Amino acid sequence: MKKRGPFSYLTLALALLFLLGPFVVIFVASFGEKRTLAFPPESWSLVWFEKVFATHSFLEAFQTSLVIAAESSLTALLLGIPAAYALVRFKFPGQNALEIVFASPAIVPGLVVGLALLRYFVLVSGLPVMTGLYLGHTAILFPYTVRVVSGSLRNLDPSIEAAAVSLGASRLRSFMAVVLPNIRSGILAAFILAFITSFNNVPISLFLTGPGVTTLPIRMMLYWEYNFDPTIAALSTLLIVMTVLVVQSMERVLNVSAHM
Amino acid sequence: MSFLKLENVVAGYEKKHPILTGFNLTIAQGELVSLLGPSGCGKTTTLRTVAGFLQATEGRILIGGQDYTRRPPHKRNIGLVFQNYALFPHLNVFRNVAFGLRMRRRPRAEIRERVLTALERVGMAGFEERLPAQLSGGQQQRVALARAIVIEPDLLLLDEPLSNLDAKLRVEMRAELRRLQKDLGITMLYVTHDQAEALSLSDRIVVMNSGQIEQIGVPREIYNRPQTAFVARFMGFDNHFAAQVSAHKGERVTVQAGALTLEATYGGTETLRVGETVDVFFRPTQARLPHQDGPNTIPATFEFLTFQGDTVQYFVETALGRFNVITPEELASTDTLHVSIAPERLIVIPHEGTTHV
């Protein structure tokens with residue numbers, strides 16, 4: 001291997017600083033004792049963590065976020081697996097256009113307009129706010145699940161399905177017996193990615209939250225508008241730790257990051 | 001007796017441009033027939049159509065007298081062996097081989113017995129617990145073979161099954177495949193682009209080109225008596241020149257090529273006309289250097305040679321064009337050369353585009 005020069009180490013250090021710096025600031029600041037956010041803090045305390053758990057609206061919003069993330073990720077997966085399969089294995093008109101849409105979930109923010117309309121629909125029809133959130137999140141997660149699952153389907157040799165069919169399995173049966181078990185880690189990766197995306201989402205939720213129902217990121221924004229204490233930093237630290245733990249444990253079971 | 005019969009089959013991936021356009025082929029029970037041709041010749045399309053993965057848009061496919069044309073692939077009882085083995089990566093060897101029997105809902109004890117017998121047959125007994133990733137290519141292909149034969153298929157289709165193996169193993173596996181096929185009396189359709197493989201394995205060879213059959217015959221016929229220029233070139237008749245027929249009686253043809261009169265052989269059925277232009281082919285290995293020897297001698301001048309270990313390949317220029325000749329020994333001198341070819345090794349093929357009545 002080629003030896004790395006001092007310049008490449010410098011670049012690496014800058015990149016790490018840029019990526020991790022904000023997290024480090026928040027992480028350290030959340031342990032401060034003072035009422036205002038300070039970095040580095042003058043004295044240390046866990047009081048803001050206590051406050052997070054004592055604030056009912058945070059817990060409620062956390063629960064809402066968990067439920068919405070779980071429901072919409074599962075639904076997006078149930079829709080995404082067959083869609084990915086159709087995209088990868090079959091040829092049909094309009095396929096290229098669809099593939100472009102799914103290839104880059106970055107295009108999806110355009111959906112916000114559509115979801116603003118959904119908000120209108122929610123108001124007019126009296127659809128429950130939870131249902132609106134669920135539908136909106138499912139819509140933005142769908143391209144992610146399609147993309148990740150397509151990735152692992154593309155790595156799966158189509159002739160193993162032909163082999164299963166030649167041995168007497170119907171197409172559906174060979175999908176269940178041969179395809180699904182071999183894209184398991186891709187499905188899990190898609191789920192985690194979708195879950196985190198939903199959990200962190202602000203723009204869609206901003207449109208679709210309503211009276212009495214708020215997701216955690218929105219609740220945090222609202223809190224931040226009127227309070228400048230480190231509670232939000234403490235909450236962010238908790239969320240980062242939780243996410244890292246989940247991804248780490250999944251990573252250990254299956255080689256998930258290879259699919260993302 | 002015909003066992004597998006394809007009647008005027010039209011099939012392909014795009015409806016407007018089918019690859020097979022009225023394909024006919026008949027295979028007898030217990031026969032091993034190879035579809036031989038370069039990539040894109042339609043051999044794999046034929047195989048996929050027989051397997052049912054491609055639907056024949058016209059024509060019929062009969063197996064054992066029954067019409068299989070519209071039968072879905074999982075109800076055909078046809079075994080398949082792929083170039084890339086296509087073992088189920090998440091199942092161990094035992095469960096891979098048991099898959100077909102489990103789909104057929106056979107009792108556990110029977111599955112166990114039949115799987116073990118099949119593994120024994122392909123020399124893979126004792127590997128039951130291994131995962132495919134823990135096996136070599138040759139071992140994986142043996143397991144794939146066991147998986148295909150354990151269901152006692154009516155027909156076994158093999159798509160370039162040895163192409164991913166190294167040269168030595170390929171030759172070994174050829175012989176084993178042939179022995180297995182004889183032992184089980186199983187009918188096989190074997191797709192390959194490898195001439196040596198087709199010659200050593202097959203009862204009959206079907207040489208294909210652009211979705212059409214160029215020639216069907218036993219290996220010796222295909223090797224010695226190609227009937228079209230395509231088959232001749234594909235089977236290694238690298239040297240070629242044009243000539244005019246001056247006399248034709250049975251298999252023996254006298255041709256005039258420039259100032260030379262040559263004795264050649266014709267394996268086709270149509271009568272050749274005197275004066276018609278024909279293509280004449282011979283193999284590099286079936287010509288001799290350097291002396292005048294027999295009736296067909298063509299004066300030649302040396303150009304260059306390549307040393308190939310067991311043999312030496314000479315490139316020479318003649319009045320009929322540049323030829324290459326492979327000899328077992330390097331020549332002492334290349335000052336005066338003649339290319340000599342025995343009449344039965346000089347093959348006459350009607351010129352393409354010439355119509356015969």
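Author: Angles under 35 degrees count as roughly parallel, over 145 as roughly antiparallel, 65 to 115 as roughly perpendicular and the rest as oblique. You are looking at a predicted model, in which local features need pLDDT of at least 70, side-chain atom pairs count only at pLDDT 80 or more, and totals for chains, interfaces and linings use all residues. Residues are numbered from 1 along each chain as its sequence is written, while chains are lettered from A and ligands numbered from 1 in the order in which they are written.

Reader: Thanks! How many helices does chain A have?

Author: Helices (H or I, at least four residues) and strands (E, at least two) are DSSP runs, numbered from the N terminus. Reading along the sequence of chain A gives the pattern α-α-α-α-α-α-α-α-α-α-α-α. With zero strands beside them, the helices of chain A come to 12.

Reader: And what share of the residues of chain A is buried?

Author: A residue is buried if 20 or more other C-beta atoms (placed from the backbone) lie within 10 Å of its own, exposed if 12 or fewer, and partly exposed in between. The C-alpha trace of chain A spans about 70 × 65 × 30 Å along its principal axes. Among the 260 residues of chain A, the buried share is 33%.

Reader: How do helix 6 and helix 9 of chain A run relative to each other?

Author: Axes are lines fitted to C-alpha atoms, for helices over the stretch in contact, and angles run from 0 to 180 degrees between N-to-C directions. For helix 6 (residues 129-154) and helix 9 (residues 184-200) of chain A, the axes come within 9 Å and cross at roughly 155°. Helix 6 and helix 9 of chain A are therefore roughly antiparallel.

Reader: How many charged residues are in the contact of helix 6 with helix 9 of chain A?

Author: Residues are in contact if their C-beta atoms, placed from the backbone, lie within 7 Å. Helix 6 of chain A brings residues including His137(A), Leu141(A) and Tyr144(A), which meet a set in helix 9 of chain A that includes Gly186(A), Ile187(A) and Ala189(A). Ala, Val, Leu, Ile, Met, Phe, Trp, Tyr, Cys and Pro count as nonpolar, Asp, Glu, Lys and Arg as charged, and the others, Gly among them, as polar. By class, this contact has nine nonpolar and seven polar residues, and the number of charged ones is zero: there are none.

Reader: Which residues of helix 12 of chain A make the contact with helix 11?

Author: Helix 11 (residues 216-226) and helix 12 (residues 231-253) of chain A pack at about 155°, with axes 10 Å apart. That makes the two helices of chain A roughly antiparallel. Helix 11 of chain A contributes Met220(A), Tyr223(A) and Trp224(A), and helix 12 of chain A answers with Thr231(A), Ile232(A) and Leu235(A).

Reader: Let's turn to chain B. Which strands are at the edges of the open sheet of chain B?

Author: Strands pair if DSSP finds at least two bridges between them. Four strands of chain B form this open sheet, in the order 2-1-4-5 and with antiparallel pairing. The strands that pair on one side only are strand 2 (20-28) and strand 5 (66-67) of chain B.

Reader: What angle does helix 1 of chain B make with strand 2 of chain B?

Author: Helix 1 (residues 43-51) of chain B packs on the sheet and touches strand 1 (2-11), strand 2 and strand 4 of chain B. Its direction and that of strand 2 of chain B make an angle of about 70°.

Reader: Is strand 14 of chain B largely enclosed or open, and how many of its six residues are buried?

Author: Strand 14 (residues 277-282) of chain B runs antiparallel to strand 11 (residues 239-249) of chain B, joined by six bridges. Four bridges also join strand 14 to strand 20 (residues 347-350) of chain B, again antiparallel. Strand 14 of chain B is largely enclosed by the rest of the structure, because the number of its six residues that are buried is five.

Reader: Is Ala86(B) buried or exposed?

Author: Ala86(B) sits in the loop between strand 6 and helix 2 of chain B. Although not a glycine, Ala86(B) has a positive phi of about 55°. With 25 other C-beta atoms within 10 Å, Ala86(B) is buried.

Reader: Finally, how many residues does chain A give to the contact with chain B?

Author: Chain B gives 18 residues to the contact, and chain A gives 15.

Reader: And how many residues of the side of chain B that touches chain A are nonpolar?

Author: Strand 6 (78-81) and helix 2 (93-103) of chain B each supply at least two residues of that side. Five of its residues are polar and one is charged, while the nonpolar ones number 12.

How values were computed:
Two residues are in contact if their C-beta atoms, placed from the backbone, lie within 7 Å.
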